[in-house]
Amino acid sequence: MATLLLLCLPPHYLYRLFGHPSPWPSRFLYGIAWICNVRIAIEGVRLKEDVFYVANHLSWLDIPIVGGVTRTAFVAQDGIARWPVIGWLAAMNNTVFVSRTNRLSVGSQVDTLREALRDHQPVTIFPEGTTTDGTSLLPFKAPLFAVLAPPPRGIRVQPLLLDFYGLGPETAWVGEESAPHNAWRIMCRRDVIPVRLVFLEPFDPTKCNDRKEIAATAREQIRHALSASLGGTAVL
């Protein structure tokens with residue numbers, strides 16, 4: 001991983017020096033997924049610009065998987081910005097850091113998201129707010145969908161399903177497990193981790209009445225796809 005980072009940094013800074021969008025953060029993320037023995041199968045048609053991705057959330061592996069494929073920026077809690085190395089790498093990928101506790105900053109956070117979307121930067125959120133083992137779907141938190149009410153012109157929402165083919169309970173970062181322990185456990189794993197990244201039907205958020213309906217529409221698509229991936233098992 002360190003070698004990959006050293007290989008990606010010089011061309012990344014050259015792109016930035018000449019004012020061009022850099023593809024190297026996403027290439028780095030894809031490489032991290034590959035090093036962790038993740039093998040990604042892609043289904044569906046991906047929107048590449050003017051898109052707000054909404055995905056279910058199992059693990060930190062979701063970041064290199066989705067980011068490596070889509071070149072998206074992510075919305076993350078502001079505490080991650082202070083993590084050694086990780087915070088620096090996240091900022092390099094244009095991560096939008098938001099506060100979970102400071103309600104007074106919600107307006108500025110929405111403005112930051114709007115700016116990213118106006119620059120045609122794909123943005124991804126994990127609206128469950130935490131991780132699951134891939135066999136359930138938590139309620140979606142609506143506040144970050146406020147950026148879409150009303151949406152910047154032309155933006156569409158595309159739900160994503162991360163399906164670990166039943167290995168979610170083995171690879172997910174849930175419960176009281178620490179981040180270093182989970183990372184070490186994943187990196188020590190010898191077996192391949194197959195992942196299906198499903199791009200579901202995009203929709204126009206202007207057709208929804210408010211942010212709650214946008215969140216509910218995205219969740220229903222992911223819920224239906226997750227149920228199908230579990231062999232028809234009901235997902236509430």
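# Briefing: salt bridges, fold and backbone

Let's start with one residue: at 29% relative accessibility, Arg185 counts as partly exposed. Here, buried means under 20% relative accessible area, exposed means over 50%, and partly exposed is whatever falls in between, using a 1.4 Å probe and protein chains only. What you're looking at is a predicted model, where local features need pLDDT of at least 70 and side-chain atom pairs count only at pLDDT 80 or more, while totals for chains, interfaces and linings use all residues. Residues are numbered from 1 along each chain as its sequence is written, and side-chain values use heavy atoms, with hydrogens and water left out.

**Salt bridges**

- Arg185 pairs up with Glu177: their side chains meet in a salt bridge at 2.9 Å, N to O. The term means a side-chain nitrogen of Lys or Arg within 4 Å of a carboxyl oxygen of Asp or Glu.
- There's a network here too: Glu43, Asp163 and Arg196 are joined into one by salt bridges that share partners.
- How many salt bridges turn up in a search of the whole structure? The search finds five.
- Inside that network, Arg196 and Glu43 bring their side chains together in a salt bridge of 3.0 Å, N to O. Arg196 sits in strand β7 (residues 193-199) and Glu43 in strand β1 (residues 38-43), so this pair ties together parts that are 153 residues apart in sequence.
- Are the two partners buried or exposed? Arg196 is buried, at a relative accessible area of 14%, while Glu43 is partly exposed at 34%.
- Another salt bridge links Glu170 to Arg189, whose closest N and O atoms are 3.2 Å apart. Glu170 belongs to helix α6 (residues 168-171) and Arg189 to the loop between α7 (179-187) and β7, so the pair ties together parts that are 19 residues apart in sequence.
- Glu170 has a relative accessible area of 41% and is partly exposed. Arg189 also counts as partly exposed, at 21% relative accessibility.

**Overall build**

- The protein's secondary structure adds up to eight helices and seven strands. These are DSSP runs numbered from the N terminus: helices are H or I with at least four residues, and strands are E with at least two.
- The radius of gyration is 17 Å, close to the 18 Å that the globule rule gives for 236 residues, so the protein is as compact as a globular protein of that length. That radius is taken over C-alpha atoms, and the globule rule is 2.2 Å times the number of residues to the power 0.38.
- Along the principal axes, the C-alpha atoms fill a box of roughly 50 × 50 × 35 Å.
- Of the 236 residues, 49% are buried.
- Take the contacts (heavy atoms within 4.5 Å) between residues at least 6 apart in sequence: 73% of them join residues at least 24 apart.

**Surface and charge**

- The protein exposes about 12,300 Å², and carbon and sulfur atoms supply 58% of that. Accessible areas come from the Shrake-Rupley method with a 1.4 Å probe; for residues, only the protein chains shown count as cover.
- There are 23 positive and 20 negative side chains, and the centres of the two sets lie 3 Å apart. Lys and Arg count as positive, Asp and Glu as negative, and His and the chain ends aren't counted. Each charge is placed at NZ of Lys, CZ of Arg, CG of Asp or CD of Glu.

**Backbone spots to look at**

- The peptide bond running from Ala149 to Pro150 is cis, with omega near 0°. You'll find Pro150 in the loop between β5 (123-125) and β6 (156-163).
- Asn37 isn't a glycine, yet its phi is positive, at about 70°. Its place is the loop between α2 (24-35) and β1, and Asn37 is buried, with a relative accessible area of 16%.
- Val85, not a glycine either, has a positive phi of about 65°. Val85 lies in the loop between β3 (73-77) and α4.

**Neighbours and distances**

- Leu89 is part of helix α4 (residues 86-92). Leaving out residues up to four places away in sequence, Leu89 touches Leu5 and Phe28.
- Leu89 and Pro25 are 64 residues apart along the chain, and 8.3 Å separates their C-alpha atoms.
- Ala216 is in helix α8 (residues 211-229) and is partly exposed at 44% relative accessibility. From Ala216 to Arg196 it's 20 residues in sequence and 23 Å in space, C-alpha to C-alpha.
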